[in-house]
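Please open the structure in your viewer, keep the sequence beside it, and follow the stops below in order, selecting each residue as it is named.

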Amino acid sequence: MAIGATVHTFEIDLADVDRNVYETLSLRVARHPSETAAYMTTRVLAYCLEHADGIRFGEGISGTEEPAVMVRDLTGRITVWIEIGAPEAERLHRGSRLADRTAVYTHRDPGKVAAQWEGKRIHRREAVELISFDPGFIEAASELVERRTALTVSVTDAHVYLEVNGVAMDSARHVRTLG
């Protein structure tokens with residue numbers, strides 16, 4: 001018998017001063033058995049940092065047609081395509097062709113992640129954003145995540161302040177393009 005996904009509940013207070021977004025969110029996130037805690041934490045953080053009307057999680061690790069996180073407009077068209085980790089160049093190419101904006105949030109070494117895409121075909125490569133955090137930030141946060149997690153996310157001047165179940169930490173938000 002296959003092991004099923006573990007559902008995590010996140011109660012989130014979001015204050016993104018840079019984008020003027022202030023929300024209280026309640027998310028139920030299914031963590032696939034093959035998904036690492038760091039991947040799931042990055043996925044939830046990307047959801048918060050990209051929060052907008054029409055945002056939602058994709059099909060999950062097994063889904064091939066959708067990104068990990070996306071924003072759809074009122075017509076149902078994907079306007080923002082967000083991948084997590086180190087996706088294949090083909091996924092970025094497809095996402096960049098379909099959406100107005102494509103981004104990758106990674107919990108890995110951004111230099112190594114970007115290196116895997118060198119010489120590969122990626123539509124509008126110069127516009128694709130690779131977003132990372134200070135070394136150890138995602139790992140430290142993911143160690144604090146429980147089945148029920150209280151999360152406070154504050155962003156100001158491209159700096160992320162995070163409180164996970166009462167433990168505070170912070171990191172710069174590093175953004176680079178593939179161009």
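Begin by selecting Ala158, whose place is in the loop between β8 and β9, and keep in mind throughout the tour that what you are looking at is a predicted model. The phi angle of Ala158 is near 60°, which is a positive value in a residue other than glycine. Is Ala158 buried, partly exposed or exposed? With a relative accessible area of 36%, Ala158 is partly exposed, because that class covers values between 20% and 50%.

Now add Asp157 to the selection, which is found in the loop between β8 (148-156) and β9. Asp157, too, has a positive phi in a residue other than glycine, here near 50°. Its relative accessibility is 70%, so Asp157 counts as exposed.

**Into the core**

Which residues have the most contacts inside the largest nonpolar core? That core has 39 residues, and the ones to highlight for their contacts within the core are Phe10, Ile12, Leu45, Phe133, Val153 and Leu162. Colour α1 as well, since this helix gives the largest share of the core, nine residues. As background, nonpolar side chains tend to be buried together in soluble globular proteins.

Take Val153 from that group and show its surroundings: leaving aside neighbours within four places in sequence, Val153 is in contact with Ile12, Asp13, Leu14, Ala15, Leu45, Cys48, Leu49, Val160, Tyr161 and Leu162. A second core, separate from the one just described, has 10 residues, and Leu92, Trp117, Ile122 and Val128 are included in it.

Next, centre the view on Phe10, which is found in strand β1 (residues 6-16). Phe10 has a relative accessible area of 2% and is therefore buried. If neighbours within four places in sequence are left aside, the contacts of Phe10 are Leu25, Ser26, Leu27, Val29, Met40, Val44, Val145, Thr149 and Leu151. Try drawing a distance from the C-alpha of Phe10 to that of Leu162: these residues are 152 residues apart in sequence and 13 Å apart in space.

**The cavity**

Rolling a probe the size of a water molecule over the atoms shows where empty space is left. How many cavities of 30 Å³ or more does the structure hold? There is one, and about 60 Å³ of space lies in the largest cavity. To find its lining, select Phe10, Thr41, Val44, Leu45, Ala141, Val145, Leu151, Leu162 and Val164. The elements that give two or more residues to this lining are α1 (37-49) and β9 (159-164), and α1 gives the most, with three residues. When the lining residues are sorted by class, eight are nonpolar, one is polar and none is charged.

**A buried threonine and a buried helix face**

Move on to Thr106, in the loop between β6 (101-105) and α3 (110-115). Although it sits in a loop, Thr106 counts as buried because its relative accessibility is 1%, and buried means under 20%. Show the side chain, and you will find that it reaches the backbone nitrogen of Arg108 at 3.1 Å. Apart from neighbours within four places in sequence, Thr106 is in contact with Thr42, Gly85, Val113, Leu130, Ile131, Ser132 and Phe133.

Then select helix α2 (residues 89-98), in which Ala89, Leu92, His93, Gly95 and Ser96 are buried. If you ask what covers these buried residues of α2, the answer includes β5 (78-84) and β6.

**Two last loops**

Glu35 is found in the loop between β2 (21-31) and α1, and its relative accessibility of 4% is why Glu35 counts as buried. Display the side chains of Glu35 and Arg43 together, and look for the polar contact of 3.0 Å that joins them.

Finish at Val17, which is found in the loop between β1 and β2 and counts as partly exposed, at 46% relative accessibility. Without its neighbours within four places in sequence, Val17 has contacts with Tyr22, Val155 and Thr156. For a last distance, pick the C-alpha atoms of Val17 and Pro33, which are 16 residues apart along the chain and separated by 35 Å.

Note on methods:
Residues numbered from 1 in each chain as written. Predicted model: local features only at pLDDT ≥ 70, side-chain atom pairs only at ≥ 80, totals over all residues. Heavy atoms only, no water. 1 Å grid on protein atoms, 1.4 Å probe; cavity = no way out; pocket = protein on both sides within 12 Å on 5 of 7 lines; lining within 4 Å. Points joined across faces, edges and corners; volume = space filled by probe spheres on them. Helix = DSSP H or I, 4+ residues; strand = E, 2+ residues; numbered from the N terminus. Nonpolar A, V, L, I, M, F, W, Y, C, P; charged D, E, K, R; others polar. Core = buried A, V, L, I, M, F, W, Y, C linked by side-chain atoms within 4.5 Å. Buried < 20%, exposed > 50% of the residue type's maximum accessible area, 1.4 Å probe, protein only. Contact = heavy atoms within 4.5 Å. Polar contact = N/O pair within 3.5 Å; in protein donor to acceptor, adjacent residues only side chain to side chain.
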